[in-house]
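Student: Could we go through this structure slowly, asking of each label how it was earned?
Tutor: Gladly; let us put each value beside its cut-off before drawing a conclusion.

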Amino acid sequence: MKGAEIVPLMRLSGLTVRYSAHRGIVDAVCGVDLDLMPGRVLSVIGESGSGKSTVLLALAGLLPSRARVSGSLLMDGGNGNLLADPSAHSNVTGRTVGMIFQNPGASLNPVLTVGDLIDEVVRVHRGLSKKEVRAETLSLMSRVGIGDAKSRAAAYPHQLSGGLKQRIAIAAALAGRPRLILADEPTTALDATVQAQILDLLLDLVDREKLGLLFVTHDIGVAGSISNEIAVMFNGRVVECGKAGDVTLAPKHSHTVALAAGALPLDLTVEQPKTSISALDDTAKTDNNREQYLKSATTPEPQGKDTQVQQAAKKTELVLSGITRVFKTGARKAVAADGVNLTVRSGETVALVGESGSGKTTLARIAIGLDRPDSGTVILDGQPLIDERGHMDRVTRSRVQMVFQDPLASFTPHRSIGKSIEVPLKIASDLTSRARRDRVLELLESVGLEKDHANRYPTALSGGQLQRAAIARALATDPDLLICDEPVASLDVSVRSQVLDLLTKLQNERGLGILFVSHDLGVVQWIADRTVVLYLGRVMEEGQGKAMWQTARHPYTRSLAAANPSATVPWRERPSVEQAKGEAAGSFAIPSGCRFHPRCRMAIAQCETTEPSLEQLEKGHFVACLRSGEQLDLG
Amino acid sequence: MTRLTLITGLIGTVILAALILIALFAQQIAPGDPLQMVGRPLLSPFADPRFPLGTTQLGRDVWAGLVHGARVSLTVSATAAAAVILIGILVGTLSGFLGGYVDDVLMRITEAVQSIPAFLLALALVSVLGASVTSVVVAIALSSWPPSARLVRAEVLRVRTLDYVDAARVAGRSPLAIAFLEVLPGALQPVVALIGITVGEAILVESALAFLGLSDPNLQSWGLMVASGRATLRVAPLLVILPGLAIALASLSVSLAGDALAARLSEGRRA
């Protein structure tokens, strides 16, 4: 390796961080060694609680004073152990280390304009005159890809989009001319297309200015695609460390295997058989070959109880047509849905995909009657879901159920899990309390939980267990349709796959129809039979199966796919023509014509004036793009 | 919870428990009517073993007065505080959960009540309703509910946006059931903290009303004792100081215990 002769920017060895807690001493981090060379990217990956953020805080000298730190940290060719000398540490980090945080909204001072904000950092680090400071600020802003830096400098953070805010944070981090950038999940809070732009920027800085980038993330896809080296953390230790390609393609430690398997990369190339994705959970690996099930869906094989077979045979259909929903705040109007048609049938999984503000959650809430559209109808098997007076009868209610994004927030905190699962039963059925309790235990068993969990309170269960319990609750009334709003987004990767497996297994057993809202294309590709892509409240494309992403025609769909980092494809080798420009205008200001045209790389003059309608290209494949006919040769 | 809150909480709880016991067994501790003239007037404390704290200018036993006064003070303030919290919960929950016009109307009424100083309002109410224990309770309840209503409303506004409320709607719960079975229990924790303050305030208001002669003249209460001791303040200052101390001790113990309870609850929530 050519880096061997070069002095490392940072050499961390034997880092151990301890906290004394109520029950004795806790080792948050234990014996971690990391080296970072200039011009290279080192990713530290791990699940929540693995200690990855603690390592980053230790490097930056930001650990709370009650933490007991040992180990040695050399930076920038110096000889002094910075961990042993806090004042030298803060001196060095201020000069040579820039930090970027996860939430740019929270890390920027809201009362300063972004120009003043960067000015301040420049002033602290460099002895420049007032005029020179502002010139330096503007040049920093253009270095991080902010066009029109002069007028942007006068803006306050809240006036900027998430991606711009992160760019400002990066500019501020660069102000002290650091050699090393520490980034803590800097793209996690951003939309996929914006994440892609920020990753481009960071890699560009690394390449051009030979900076070292330490990138902390939970996302093995991002890490694998941008890094030179990856360190995998688990329980406060580095369990695997090596070249990015080796770690992602041939993981050695079982935890890395689990992370890689659970990551569900978006696959744009090879067809692979759909099998269980869970690498950790053996019980979930039974009978979940959904494609086979779907083929036989019309004549289901008898399995389990008779009622279940009947249910699988009975075709339920939820039809949303012409759904428009506008939220008004004062004089401003936010368009969450604009004439959307959507159908979910039993036995199939329909995925709603889109970035934040695309209206996917609003549609899901409308589909279950939690929200009502301004115009358009929601019909369940020929009957309106909600009557004119705004009521939903008991039977209809029990047929459509929901699984929420945050499992902890979806359980009443002062009620035991068992009692919470009992609530819908109490309302929808006439069972005796004894029969209800039996049913609760039965439901818990069907989602892989123990009887004992019924008596516990929500805070006593892990995220994965809670989401299982939430699924049990949703199934309590034996529904035909399940609305899942980002059901795995708040779970760790290894747990995520278990929950997805469970959903598919239950779908096979019961013939459930699932409306699956997600921003994670890998998950969607794995689970969806049909995928609907939303942008600013309107359907851009609808396609079938996992091939949908290979045959996607709409430039927006293609930009989403291109923005999805894959652990095995180096970021620099992605086709950049597919990328969307800028960021979504926001649902308050919907662009004229095709609402994607300001960001579209293929837009023509007509796109600004004519709104394309959703047209069928081939069976089951619909696209709303004026140029959909001519795109076949592109990409 | 810090060590200090723990200690002060314990002290508060012990004093409060002692006061409650004294109030419950007042008849056993100091038998007879405390308003009865039982000895020579203005006996100083410890002068006569029958009257450990001496007698008033009307020859009433001071110790018996304090013991029976605890009963009146605690009953009146506990009932009034309960009423305050109940009104607060009802108004706050309906206002926060239903929103819209209901919220507007209820909040304007709350503000109207709040704009009149609570003690003046209680004073006015008692002078209209007549001097009795019931009217004192009603007066305190009707004049001090706005803060608790606003607190409950704020909490309800926070809780009702949580996912579990949507989950209850999906399960088919009626709006009223959601408001009182799902949202309200989640919003109650800060209200518990408010109970201590409310009871403490009620003790003060009750004493003040009694001091002004607007409580039941046929019941010995601390406020009344302070009022009647005022005439002989120079000769026998203890006649004012002792019931005054009782008032201070009671309201202090309630706040200390309430604070500790609130701290305990918020810890339970985080765990």
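Student: Where is Trp63(B) found, and why is Trp63(B) called partly exposed?
Tutor: In this predicted model, Trp63(B) sits in helix H3 of chain B, which covers residues 62–98. Its relative accessibility is 32%, and since buried means under 20% and exposed means over 50%, the value falls in between, so Trp63(B) counts as partly exposed.

Student: What makes Trp63(B) part of a nonpolar patch, and which residues form that patch with Trp63(B)?
Tutor: A patch takes residues with over 30% relative accessible area and no salt bridge, and it joins nonpolar side chains within 5 Å. Trp63(B), at 32%, is above that area cut-off, and the patch on the surface is formed by Trp63(B) together with Ile20(B), Leu21(B), Leu24(B), Phe25(B) and Ile29(B), with about 550 Å² of accessible area together. Helix H1 of chain B (residues 3–24) gives the largest share, 3 residues.

Student: Why is Ser215(B) called buried, and what is Ser215(B) in contact with?
Tutor: Ser215(B) has 9% relative accessibility, and because buried means under 20%, Ser215(B) counts as buried. Ser215(B) lies in the loop between helix H10 (189–211) and helix H11 (222–229) of chain B. Leaving aside neighbours within four places in sequence, Ser215(B) is in contact with Ala131(B), Val136(B), Glu206(B), Leu209(B) and Ala210(B).

Student: What makes helix H8 of chain B mostly covered?
Tutor: Helix H8 of chain B spans residues 163–171, and 8 of its 9 residues are buried; among them are Asp163(B), Tyr164(B), Val165(B) and Asp166(B). H8(B) is followed by Gly172(B), whose phi is positive, near 100 degrees.

Student: How many helices and strands are there in chain B, and what percentage of its residues count as buried?
Tutor: Chain B has 12 helices and 0 strands, and of its 271 residues 46% count as buried. Among contacts in chain B between residues at least 6 apart in sequence, 70% join residues at least 24 apart.

Student: Turning to chain A, which strands stand at the edges of the sheet of 6 strands, and why?
Tutor: The sheet is open, with the order S5-S6-S7-S3-S8-S9 and mixed pairing. Strand S5 (97–100) and strand S9 (237–243) of chain A each have a single partner strand, so one side of each is left without a neighbour in the sheet. From one strand to the next, the twist averages 15 degrees.

Student: How do you know that strands S6 and S7 of chain A pair?
Tutor: Two strands pair if at least two bridges are found between them, and strand S6 (residues 180–184) and strand S7 (residues 212–217) of chain A have 5 bridges, in the parallel sense. As one example, Ala183(A) has Phe215(A) as its bridge partner in S7(A).

Student: How do strands S10 and S13 of chain A run, and how many bridges join them?
Tutor: Strand S10 (residues 317–329) and strand S13 (residues 375–380) of chain A run antiparallel and are joined by 5 bridges, against the at least two that pairing asks for. In S13(A), Ile379(A) is the bridge partner of Val319(A). These strands belong to an open sheet of 4 strands in the order S11-S10-S13-S14 of chain A, and helix H14 (residues 360–367) of chain A lies across S10, S11 and S13, running at about 125 degrees to S10(A).

Conventions: Residues are numbered from 1 along each chain as its sequence is written. Chains are lettered from A and ligands numbered from 1 in the order in which they are written. This is a predicted model: local features need pLDDT of at least 70, side-chain atom pairs count only at pLDDT 80 or more; totals for chains, interfaces and linings use all residues. Side-chain values use heavy atoms; hydrogens and water are left out. Patches are made of residues with over 30% relative accessible area and no salt bridge: like charges are joined within 9 Å, nonpolar side chains (Val, Leu, Ile, Met, Phe, Trp, Tyr) within 5 Å. Accessible areas come from the Shrake-Rupley method with a 1.4 Å probe; for residues, only the protein chains shown count as cover. A salt bridge is a side-chain nitrogen of Lys or Arg within 4 Å of a carboxyl oxygen of Asp or Glu. Buried means under 20% relative accessible area, exposed over 50%, partly exposed in between (1.4 Å probe, protein chains only). Axes are lines fitted to C-alpha atoms, for helices over the stretch in contact, and angles run from 0 to 180 degrees between N-to-C directions. Contact means heavy atoms within 4.5 Å.
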